[in-house]
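Trainee: Mind if we walk through this one together? I'd like to practise reading a fold before getting to how the chains meet.
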Amino acid sequence: MAILASYKKSLTSGCILVGFATLSIVAQLCLGNFPLDLFCFPLNIFVLALWMMLITMMYRDRANNASSRFMLSREATWLSLAIMVALGVTLGLEREPSTTTWPVVLTIFFVLTHICFIVLRGWRNAKGIRWRFCLVHIGLLMALGAGFWGAPDRVQLRTAAHHYPSNEAYTMEGKQRFLPYTIELESFSIKQSENGAPTHYEAQIKVEDKVISLKVNHPYARTLSEKIYLVSFGTSPYGERYAVIEIVNEPWQWLAATGIIMLIAGAMLLFVQGPRKTVSGER
Amino acid sequence: MGWNIFPVWAAVVMVLATTGAVIAALGKSRNVWATALMLLAIIGMAGFIAMLWIVLERPPLRTMGETRLWYSFFLLVAGLFTYSRWKYRWIMLFSTVLAGVFIIINIVKPEIHDQTLMPALQSVWFVPHVSVYMFSYSLLGCATLLSTVALVRRNNDMDMAIEKLLYTGLAFLSIGMLTGSLWAKEAWGAYWSWDAKESWAVATWGLYLIAIHLAPSVMNTSRRWMYHTTILLGFLALQMCWYGINYLPSAETSIHTYNQ
């Protein structure tokens, strides 16, 4: 009977995997990339609330709901991790990977849904390793969820800072945008090694009448959600040096950071506590 | 001083490590001499890293050659730790051979040694991120060696050691990956950008997570080969993430291109 149940679960996992792959490929072929812009605030919050409500209802009704029971099973964990691995390998082989394709969006959605189910069950039931369980799973849910649900609200712009004020910037897709403030290069300094490679460079930038110092790895936080980065530099056809500035507005970044810190704490507990007893010799 | 004395230095370290490993492999119980010789080899390797750090005036963690140096060092540490903790008399021989392979690659590929440290790597995250990663790689390397043996010969003690190495390795791998994402936010403005290296890191992490989630269901059954095979696959993905991506077309657009 146990073998039969095991085969039944494997068959269910296989069917879900095939269905999942078919759905994502058909959606990609028929609809093109996922319409990320449609889901910016407040629609993403509304869909997120709806999704969480639906999962909670399904979890409460798990005794009568086969889908909920599957989402709480070990097979669902293996399946969600396996498609995550497949996603990593696929994106790792692509020269210019796109993260707004349907297979990517549906994979992360499936993984998030599974973690949500697991958290609902485990936060009270994970005996002996409750802290570790909560830090790892809730941390992953927050970090991955902030990246997923917050992606439509993330704005990344690039501009070249010259010795005159400008509020013109461009998205990564090359669309023109106008910043609510101007950026101007005050001064630029660079140190180079013997082979000409830059070892250190720094730009003094005037932002909103305030002069800030920008270096690689040292962004300027203009607001709680927006940071200004120095990413590169160049020389204009007239021989004038300019700094390449990136402006990133990411309202969900603090949720992601909290999730990552929780995950680090969970990983430390993974090291301290070690494995639960799964090998027969230790029992 | 620097890389030019590495062949002689490495030869001394390898003689000490190999002698210790052979004594351990031939002995029936834990041997003090084997431990002492391996400890000396580790101190020797640490000494070279410290000297290189001073000479280069930066942490030696940038180039492939430098990461291989740390990997060799941590492999010896992980081998000694596994030997002392679980008394596998032949594990130090395996880890020494593996460390030797990476040392030889460093000797025959001297062009990877470069003194400059580009601005993107000048960060407080640099040392913890790379050294923690290298430590996890060596622990997972030891787990892989044991898993290869466990595939053909069942031994509960060995399975326990593999599980403990896997948990420790995965903990450090996770910390390395997560500190990398915090660093990426400060350097590039995004915690995760699905760059080729990051994508392979997800694949590696996912495979090791599958292994620890498989353990409770398969370890005491005839399907335990699935657990060990996943660990082997995880190690292959780890090699891709570490240096394999440099040979893929996706590396051309990668932002992690400073370690070739």
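Trainee: Let's start with the fold: how many helices and how many strands are there in chain B?

Mentor: Keep in mind that we're looking at a predicted model. Going from the N terminus, the elements of chain B run α-α-α-α-α-α-α-α. So the count for chain B, by DSSP runs, is eight helices and zero strands.

Trainee: Is chain B compact or extended for a chain of 260 residues, going by its radius of gyration?

Mentor: Put the radius of gyration, 19 Å, beside the 18 Å that the globule rule gives for 260 residues. The two are close, so chain B is as compact as a globular protein of that length. As for the box that the C-alpha atoms of chain B fill along the principal axes, that is roughly 50 × 45 × 30 Å.

Trainee: What share of contacts in chain B between residues at least 6 apart in sequence join residues at least 24 apart?

Mentor: Start with burial: 53% of the 260 residues in chain B are buried. Then take the contacts in chain B between residues at least 6 apart in sequence; the share joining residues at least 24 apart is 74%.

Trainee: Now the partner: which element gives the most to the side of chain B that touches chain A?

Mentor: Here 51 residues of chain B are in contact with 47 residues of chain A. Two elements of chain B give two or more residues to that side, α6 (156-188) and α7 (196-218). By class, the side has 30 nonpolar, 15 polar and six charged residues. The element that gives the most, with 18 residues, is α6(B).

Notes:
Residues are numbered from 1 along each chain as its sequence is written. Chains are lettered from A and ligands numbered from 1 in the order in which they are written. This is a predicted model: local features need pLDDT of at least 70, side-chain atom pairs count only at pLDDT 80 or more; totals for chains, interfaces and linings use all residues. Helices (H or I, at least four residues) and strands (E, at least two) are DSSP runs, numbered from the N terminus. The radius of gyration is taken over C-alpha atoms; the globule rule is 2.2 Å times the number of residues to the power 0.38. A residue is buried if 20 or more other C-beta atoms lie within 10 Å of its own, exposed if 12 or fewer, and partly exposed in between; C-beta atoms are placed from the backbone. Two residues are in contact if their C-beta atoms, placed from the backbone, lie within 7 Å. Ala, Val, Leu, Ile, Met, Phe, Trp, Tyr, Cys and Pro count as nonpolar, Asp, Glu, Lys and Arg as charged, and the others, Gly among them, as polar.
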